[in-house]
Amino acid sequence: MRRLLSILFMLALMQPLFAQDNLIINTQGRNAVSLNGDWHYIIDPYETGFYNYRYGERNENDGGAYWNINENPEKSDLIEHGYSDEYSIEVPGDWNSQDRVFLYYEGTVWYQRYFDKPAMAEDEVAHLYFGAINYEAHVYLNGKKLGMHKGGFTPFNFEIPSGLLKAKDNNLVVKVDNKRHPEEIPTVNTDWWNFGGITRDVKLVITPQQFVQQYHIQLDQQQDIKAALENDSYQITGWLKMNKSASGNAIIEIPELGLEEALAISGDSVAVNFEAENMELWTTSNPKLYEVKVSFDGHTIIDKIGFRKVEVQGDDILLNGEKVFLRGISIHEEIAPEMRRANSRDDAAQLYEWVEDLNANMVRLAHYPHNEYMPRLADSLGILVWTEIPVYWTIDFENPEVLDKAQAQLKEMVSRDRNRASVIIWSVGNETPVSETRTDFMSTLVKDTKRMDDTRLVSAALEVGYNEGKNYVDDPLGEYTDIVSLNEYLGWYGGLPDACRTAQWETKYDKPFFISETGAGAQPGFHADKLTRFSEEYQEWYYEEQVDMFKNRFPDNFTGLSPWILTDFRSPRRNHPEYQDGWNRKGLIGNNGEKKKAFYVLQAYYKELKEQQEKAR
Ligand code: GCB
């Protein structure tokens, strides 16, 4: 009865959050056709394709609109735009790295390609799915606008109305605009490159009229995991959500466990609740994933899901009831040696190869949701993940529309990744300046996150406070988060690294305490004495002092760290001509792909911690 009540309660809470959400999750496990490849482009800094000469928005049939193409022109026709193979760009990909003309470009670029209708049944529906477009996207098909989306790092999709799709040469046009604005998320000021473009996969997803749009299938977080392990009996709970009200039977299968559960649907969602036996839990050393099939009306979605429980108990983070120390590293979504955004499974594999080499067991995907290959591959490799929305520094906390935008990005992030066992921490932002309005804004996001998903921890990267000569962790947002995370740069932004020897630390919160950033810059290959800024020796010294502080003089509730950062990354804020040249140099690996000296300091610390953890088992 109690369980039933809690499910009903959960479903009631879910309703408003799903209000206008049409995101289709797990497109990898559905019937889909890739639209990646070469697209045409027009650079349009004046937005001539969107506005007429009076700066009025062009109407749908306007011949001057860049979504319209005059396919059979008369020689007397006046035509002032067009797409040509000479102007081609790769999708997915940021535009900045593809041609020098784009390096610093911020504005509108039109993308265009043709595609043929894929094989599909009469009564099936096609949806255009975009993994991410930075930042604002307007999508047009055969001259009709399908919709608009804002937010540079989360997926979205539009249903193609019946009758619009032709057998051949469908004209797909996307207006992409990466201009920064004060009322957007992130706002105008960040410490990363504003890579523009269709940066992630594009697909046509084919579904029946009624289909399972989203689902959450996980271990019931209420059960006592130790008892479950002992009895080898687990409760699996969650829900399925349909794209529209439907009636019929949905089936969940986990073939390896011999499970097949039928769920009667009448309405737009249904609760999941069943028992599993002889199951291996997902852990970092044994990242067991089960094939899970979700079917409705003969249509099947295939996923791979790991089952685990993550929780906070006192000062500790527990994974399946065992204390875990997070040996993390922060990552931007970039392949530094190629000066571009990462966007593929191979890119994710490259980044994780470095992570594993470091002896890390966790990554902080900063400062925005990374492409879906990152959490998916982390699931297979047993790497724990922190993922974050780009509520970064001083956004417009006063503005309710900005809160809406943050909530939309949060929802898209959680919806996409809630079935990934690797994801253990949702972060609602980074280094937001303390004020009452800020705390209201941020704590609303924390509560929203918990309401959407109670199977993980929620955090935010905070800044150091000071109290009577001590570094004091007291940001009021810490009241709301499950773990208290802090960015500190002692020895880089203040003093020299040996300041760590005398620094005193205190946290107000009796919760796990996590260092979400610490780091120093070094130009790869630049060697000098350790007092010389930007030398590898300075960075190495910084890490030595920090590690010593963590080991010997840090609060007892210290549960891990994700130093800043795996590789050098592009940033327009970093303009020292000799040492930086547009790169934030805090990478442990340089933009040349070479490990810097500090890499080995952290690698050795993590080896020690790893061995300790293994021994303690
Ligand atoms: C920070 C920010 C991060 C910056 C880093 C730095 O605290 O969270 O985005 O890149 O410092 O290098 O200054």
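This report describes annotated regions, charged contacts and backbone features of a predicted model.

## Annotated regions

Two domain features are taken from an unreviewed UniProt entry. The record assigns "domain: Glycosyl hydrolases family 2 sugar binding" to residues 103–208. In the model, this span is 42% strand and 0% helix, and its end C-alpha atoms lie 42 Å apart.

According to the UniProt record, the feature "domain: Glycoside hydrolase family 2 catalytic" (unreviewed entry) occupies residues 310–609. Helix accounts for 29% of that stretch and strand for 24%; a distance of 20 Å separates the end C-alpha atoms.

## Salt bridges

Side chains of opposite charge can pair when their charged atoms come close. The structure contains 39 salt bridges. One of them joins lysine 405 to glutamate 184, with an N to O distance of 3.0 Å. This pair connects distant parts of the chain, 221 residues apart: lysine 405 belongs to helix 5 (residues 400–417), while glutamate 184 sits in the loop between strand 9 (170–177) and strand 10 (202–207). Both lysine 405 and glutamate 184 are buried.

A further salt bridge is formed by the side chains of glutamate 506 and lysine 470, at 2.8 Å from N to O. The two residues are 36 apart along the chain, with glutamate 506 in strand 29 (residues 505–507) and lysine 470 in strand 27 (residues 470–473). Glutamate 506 has a relative accessible area of 31% and is therefore partly exposed. Lysine 470, at 27%, is likewise partly exposed.

Aspartate 548 and arginine 553 form another salt bridge, in which the closest N and O atoms are 3.2 Å apart. Aspartate 548 is partly exposed, its relative accessible area being 31%, and arginine 553 is partly exposed at 28%. Elsewhere, salt bridges with shared partners unite Asp303, Glu372, Arg376, Asp379 and Arg420 in one network.

## A negatively charged surface patch

Asp38, Asp85, Glu86 and Glu90 form a patch of negative charge on the surface. Among them, glutamate 86 lies in the loop between strand 2 (37–43) and strand 3 (88–91). The relative accessibility of glutamate 86 is 69%, so this residue counts as exposed, the cut-off for that class being over 50%.

## Backbone features

Two cis peptide bonds may be noted. One joins valine 91 and proline 92, with omega at about 0°; proline 92 is located in the loop between strand 3 and strand 4 (108–115). Another runs from asparagine 134 to tyrosine 135, where omega is near 5°. Tyrosine 135 falls in the loop between strand 5 (125–130) and strand 6 (136–141).

Positive phi values occur in residues that are not glycine. Aspartate 297 has phi of about 55° and is placed in the loop between strand 14 (290–296) and strand 15 (299–305). Its relative accessibility of 66% means that aspartate 297 counts as exposed. For glutamate 468, phi is near 45°. Glutamate 468 is in the loop between strand 26 (465–467) and strand 27, and is exposed because its relative accessible area is 76%.

## A buried strand position

Alanine 461 is part of strand 25 (residues 457–463). With 1% relative accessibility, alanine 461 counts as buried, since that class requires a value under 20%. The C-alpha atoms of alanine 461 and isoleucine 483 are 9.8 Å apart, the two residues being separated by 22 residues along the chain.

Key:
Residues numbered from 1 in each chain as written. Predicted model: local features only at pLDDT ≥ 70, side-chain atom pairs only at ≥ 80, totals over all residues. Heavy atoms only, no water. Patch = residues over 30% accessible without salt bridge, like charges linked within 9 Å, V, L, I, M, F, W, Y side chains within 5 Å. Areas by Shrake-Rupley, 256 points an atom, 1.4 Å probe, with all protein chains shown as cover. Salt bridge = Lys/Arg side-chain N within 4 Å of Asp/Glu carboxyl O. Lys, Arg positive; Asp, Glu negative; His and termini not counted. Charge placed at Lys NZ, Arg CZ, Asp CG, Glu CD. Helix = DSSP H or I, 4+ residues; strand = E, 2+ residues; numbered from the N terminus. Buried < 20%, exposed > 50% of the residue type's maximum accessible area, 1.4 Å probe, protein only. UniProt positions renumbered as here; feature names shortened; annotations may be inferred.
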